[in-house]
Amino acid sequence: MNTRILIRLLTGICIFASAHCATAASDTDAYPQAPVRIVVPYTPGGFNDTLARTASEYLTKQWGQSVVVENKPGGNTIIGNSSVAQSKADGYTLLITPLPFSALPGLYQQKLPYDAIKDFEPVIWAGSTQNILTVRTDSKFKDVQSLIEYARSHPGELNYGSTGSGSSNHLSMELFQELTKTNMTHVPYKGSAAAVTALLAGDIDVLFDNVPNVYPNIKAKKFRALASTGKTRAPLTPDVPTVEESGVPGYEVNVWFGIQAPSGTPEPIVEKINKDIRKMLNEKSVTEKFANQGVEVVGSTPERFKELISSEVKKWGGVIERAGIKIQ
């Protein structure tokens with residue numbers, strides 16, 4: 001009797017599992033059946049917006065369903081991030097996620113309204129760029145070592161710009177100061193354009209910023225590029241050494257961009273989005289479009305992007321703690 005009951009029980013489980021798998025496969029095949037939102041936690045403009053709108057245009061054609069971009073700035077990206085974390089985990093809400101996302105847990109003394117690791121499902125690491133350490137062409141600093149020597153002997157005298165606390169240019173300089181044992185004064189601005197204008201005007205002495213933001217002034221010989229932040233030289237500035245090459249061992253800042261979904265989004269849907277965005281990233285027109293902005297295509301698996309975010313949260317949390325940076 002016990003054997004017969006066990007056989008019936010196992011048979012029932014198998015039937016249920018088969019039906020469940022068939023339903024899941026059917027749901028995935030049918031996805032999406034309604035408009036999909038891509039939330040950008042920034043104002044329009046810049047590469048985060050470019051990534052979202054490029055994906056929106058491509059996926060709308062690929063899926064035969066509207067994929068719309070919603071710019072949701074505010075609160076140092078926390079407003080947009082929170083809205084996605086609280087959305088239904090069904091694949092119909094996605095989030096553009098750049099490097100500063102990984103710095104927020106370390107920046108805020110008060111707990112964020114979401115968990116950066118537990119409340120999101122990484123979908124794809126789409127691309128990466130670098131920051132370039134720049135000064136005006138009339139600056140006394142001809143290379144990284146001359147900057148380091150002066151900053152060490154004149155602590156707090158030099159001003160450096162950023163696009164705000166936790167931005168990639170702010171973090172780039174904080175890591176630079178930690179590794180070089182220098183101290184410069186942070187001057188945050190509301191956006192890259194304002195920071196670049198401040199450097200041109202002489203209001204600040206030095207600036208780390210994304211390649212596409214400073215390259216036009218480097219090309220016009222208004223800025224001198226001292227170093228790039230990557231492990232290898234930036235493709236648009238091959239004659240500019242990396243910070244590590246310039247005598248700062250262990251220095252590397254990879255300015256990455258990706259896409260996430262709310263935690264619990266079904267794995268088959270995550271895989272489908274990942275696969276279709278990777279197709280987009282393999283398009284020559286997209287690769288060239290990104291390259292013109294100084295961004296190299298990556299197109300990772302969800303697992304690889306998850307590993308990146310986890311390692312970056314740990315890395316920047318440590319830098320922020322050691323530098324004593326906090327936002328109330």
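**Cavities, domains and sheets of the predicted model**

The lining of the largest cavity comprises 5 nonpolar, 2 polar and 1 charged residues. (Ala, Val, Leu, Ile, Met, Phe, Trp, Tyr, Cys and Pro count as nonpolar, Asp, Glu, Lys and Arg as charged, and the others, Gly among them, as polar.) The structure is a predicted model, in which local features need pLDDT of at least 70 and side-chain atom pairs count only at pLDDT 80 or more, while totals for chains, interfaces and linings use all residues. Residues are numbered from 1 along each chain as its sequence is written, and side-chain values use heavy atoms, with hydrogens and water left out.

Cavities and pockets were sought on a 1 Å grid over the protein atoms alone. A cavity is a set of points where a 1.4 Å probe fits but cannot get out; a pocket is an open set with protein on both sides within 12 Å along at least five of seven lines; lining residues have an atom within 4 Å of a point. Points are joined across faces, edges and corners, and a volume is the space filled by probe spheres set on them. By this rule, 2 cavities of 30 Å³ or more are found.

The largest cavity holds about 40 Å³ of space. Its lining consists of Ala-116, Ile-117, Phe-120, Pro-122, Gln-260, Lys-306, Ile-309 and Ser-310. Two elements, β4 and α11 (302-323), give two or more residues each to this lining. (Helices, H or I of at least four residues, and strands, E of at least two, are DSSP runs numbered from the N terminus.) The largest share, 3 residues, belongs to α11.

The second largest cavity holds about 30 Å³. Around it stand Pro-41, Tyr-42, Thr-77, Asn-81, Ile-96, Thr-97, Pro-98, Pro-100 and Phe-101. This lining has 6 nonpolar, 3 polar and no charged residues. Strand β3 supplies the largest share, 3 residues. One lining residue, Thr-77, has phi near 80°, a positive value in a residue other than glycine. Thr-77 sits in the loop between β2 and α3 (78-85).

The chain is assigned two domains: domain 1 (34-129 + 254-323) and domain 2 (130-246). These bounds come from an automatic or database domain assignment. Their contact (heavy atoms within 4.5 Å) takes 18 residues from domain 1 and 15 residues from domain 2. The C-alpha centres of the two domains lie 26 Å apart.

The largest pocket lies between the domains, because both domain 1 and domain 2 give residues to its lining. About 800 Å³ of space lies in this pocket. Its lining counts 36 residues, and Tyr-42, Asn-48, Thr-163, Gly-191 and Ser-192 lie nearest its centre. By class, the lining divides into 12 nonpolar, 21 polar and 3 charged residues. At least two residues each come from α2 (46-63), α6 (168-180), α7 (192-201), β8 (206-210), α8 (211-219) and β10 (255-262). Helix α2 gives the most, with 4 residues. Tyr-42 also lines the second largest cavity.

One open sheet has 6 strands in the order β2-β1-β3-β10-β4-β11, with mixed pairing. (Two strands pair if DSSP finds at least two bridges between them.) Its edge strands are β2 (67-71) and β11 (296-297), each paired on one side only. Strand β4 (residues 120-129) runs antiparallel to β10, and 8 bridges join the two. One bridge links Thr-129 to its partner Val-255 in β10. Helix α9 (residues 267-281) lies across β3 (93-98), β4, β10 and β11, at about 15° to β4. (Axes are lines fitted to C-alpha atoms, for helices over the stretch in contact, and angles run from 0 to 180 degrees between N-to-C directions.)

Another open sheet has 5 strands, ordered β7-β6-β8-β5-β9, again with mixed pairing. At its edges, β7 (185-188) and β9 (223-228) each have a single partner strand, so one side of each is left without a neighbour in the sheet. The twist averages 30° from one strand to the next. Strand β6 (residues 159-162) and β8 run parallel, joined by 2 bridges. In β8, Leu-207 is the bridge partner of Gly-161. Helix α6 lies across β5 (131-136), β6, β7 and β8, at about 130° to β8. Helix α8 lies across β5, β8 and β9, at about 120° to β8.

A cis peptide bond runs from Tyr-31 to Pro-32, with omega near -5°. Pro-32 lies in the loop between α1 (2-30) and β1 (36-40).
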